[in-house]
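Visitor: Could you walk me through this model and explain the words you use for it?
Guide: Gladly, let us look at it together.

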Amino acid sequence: MVYKERWLYCCCWPCRHAWAEVRILACEPEWQALAEVLGGAQVRAESATTALQDPHYIEARPSLIAKARRADMVFCTGAELEVGWLPLLLRLSGNRRIQMGQPGYFMAAEQVERVEVPTQLDRSQGDVHASGNPHVHLDPHRLLLIAQAFSTRLVQVDPAQTAYYQARLADFS
Amino acid sequence: MKRLLSVITLCTVAAVPAAWAESTGRISGNEFNPAISLILDGRYVDKEAGDLVLPGFQLGGEVGLPERGFTTGHNELALSANIDDTFYGALHAAIAQHDGETKLELEEVFVETLGLGQGVTIKGGRFFSGIGYLNAIHAHAHDFADRPLVYDALFGGRLADTGVQVRWIAPTEHYLNLGAEITSGSVYPSGQNSSSNKGLGVFVKTGGDWGVSSSWQLGASYYRSKFNERKTDAHVHSDVSDVSNRLDQGKVDIAGLDFVYKWAPNGNSRETNLKLQAEYFVRNEQGKAKIIVSHPLFGCCVEAAAADYDGKQAGFYAQAVYQFRPGWRFGVRYDRLRAENKITNFFSGRGVDLDRFLQDSGLGTEGDPNQTSLMLDYAPSHFSRIRLQYSHLDNGHEKKYDTMMLQYVMSLGSHGAHTF
């Protein structure tokens, strides 16, 4: 899949610089930073939101659709944090690599156990997260588990750079 | 496990995730339920009695002024899910009461490919056409309680038809979306055609961000169709019981431009935000316009009058909606229409003179219909909204309508996604 895309990039002048990089669309700047640490020079990570935005109140706007269209991976929190726009963004992108179930679909909260998974769901309690607390990046222990899982996924998406990614993970750990 | 995850819908996140179910060892048959959402819409409308008359426009489809008094509006039931890793499917049904009758109407029923690759998406079934900006957006997500006049006049509310749509997102840094659709062309502004495949729509959308606080989208679209027969209700409710308008051997084409601009400080729309939106459409249509009456002796459908009709109509709206504090929004909208219709070879069979024909067929042009609307709404959460709207409509020919509406729009069930 990746090779086929690369062949296309050869013919596509505006995106030629994407030749060797794994393009990662992170939903939040935290995951962009982690992707950059683990992927180093082999990845190009962008964040869909800034730290000043509420990642729950984002729209699948044109610039994000264009980014999702070209991404090799999406790196998001999951656990319903981005439910208001990410499913739609993926559907609009027409990009197979980042659909649910593909190696390019990576949700951090899915990699670890969440706290505060509600046993009772009712909207009178506000916009509750049925999958539990999505702030998984705040726990150093969980963050390490997420880093390991993401690195494994990077290797799966870009096996040619396996040694490089493993070395970066070792440095990080 | 991955296989299992891929099948689970993106939208049924409200259901217990499979991983969790697995860890608890529970077996249940309802984990694959589609995402269900129910929109409740109710309103109180204060206005004078009377139907909507827009001189120069032969109105069709689902247009009209809102009913007076307390009414339950456009309640919408939507089911959607990923069917497998290749297809997504959705059904949107509207449940509404008109004149004491409860009607279930299929708004959209379609399947769509999921990540076909190369930015291509194919959709099939009945769907809201991708032309224009507002056309594909469901009524509950509109910023005003009613549609802009130009959609009522030119599309009979909106263009929703059965067919196939193909979209392609270009692999460029800048957003570029090209779409084409072939549809039955049997709904207003088109009409019955023998092969039920005469509708053709194309659209192109582009857009991006200006800094971190602003984003925009610009679209252009074109629709055309041919039909053997288009029936619409006549404006007159006179002594003759059944009067209808027909346009025979007709063709219609519509071209449009749409623009949306959104601004929020630092892109955080939760506190304050501004949305500017404008659309312009021009429609050309030709055909043999006829007034059909039922005759006491000969029964149904006698031609009372006929003429060759060549119409050129245009309209636009521009609106601004500003959220001045969390939950509170204020909006203003201006609408304007213009029609230039050529009527030639007038023929009257039953004493209907040209003036009467122009009035009853809706094709006689007068001044430009225009409307100004003001809106204030409050949304305690993104699942509920209460809206107050005032509209002043001048149809360009003597009639003026003042409408005051108090509306609630509530969303139950799965968390809807926000389109741009």
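What follows is a short conversation about salt bridges, burial, one helix and the contact between two chains.

Guide: A word on conventions: this is a predicted model, in which local features need pLDDT of at least 70 and side-chain atom pairs count only at pLDDT 80 or more, while totals for chains, interfaces and linings use all residues. Residues are numbered from 1 along each chain as its sequence is written, chains are lettered from A and ligands numbered from 1 in the order in which they are written, and side-chain values use heavy atoms, with hydrogens and water left out.

Visitor: Why is the pair Asp54(A) and Arg270(B) called a salt bridge?
Guide: A salt bridge needs a side-chain nitrogen of Lys or Arg within 4 Å of a carboxyl oxygen of Asp or Glu. The closest N and O atoms of Asp54(A) and Arg270(B) are 2.6 Å apart, so the pair fits the rule. Between chain B and chain A the count is seven salt bridges.

Visitor: What makes Glu229(B) and Lys231(B) a salt bridge?
Guide: Their N to O distance is 3.9 Å, and the limit is 4 Å, so they qualify.

Visitor: Why is Lys231(B) called exposed, and Glu229(B) partly exposed?
Guide: Buried means under 20% relative accessible area, exposed over 50%, and partly exposed in between (1.4 Å probe, protein chains only). Lys231(B) has 54%, so it is exposed. Glu229(B) has 24%, so it is partly exposed.

Visitor: How do you know that Glu82(A) is buried?
Guide: The relative accessible area of Glu82(A) is 3%, so Glu82(A) counts as buried. Leaving aside neighbours within four places in sequence, Glu82(A) is in contact (heavy atoms within 4.5 Å) with residues including Cys27(A), Pro55(A) and Pro87(A).

Visitor: What puts Phe357(B), Asp360(B) and Ser361(B) on the same side of α4(B)?
Guide: These three are buried in helix α4 (residues 354–361) of chain B; helices are DSSP runs of H or I, at least four residues, numbered from the N terminus. They cover an arc of only 90° around the axis, and therefore lie on the same side; the arc is that of the directions from the helix axis to the C-beta atoms. On the other side of α4(B), Asp355(B) and Gln359(B) are exposed.

Visitor: How is the area between chain B and chain A described?
Guide: Chain B and chain A bury about 4300 Å² between them, 55% of it on carbon and sulfur atoms. Buried area is the accessible area (1.4 Å probe) that two parts lose on being put together, summed over both.

How values were computed:
Helix = DSSP H or I, 4+ residues; strand = E, 2+ residues; numbered from the N terminus.
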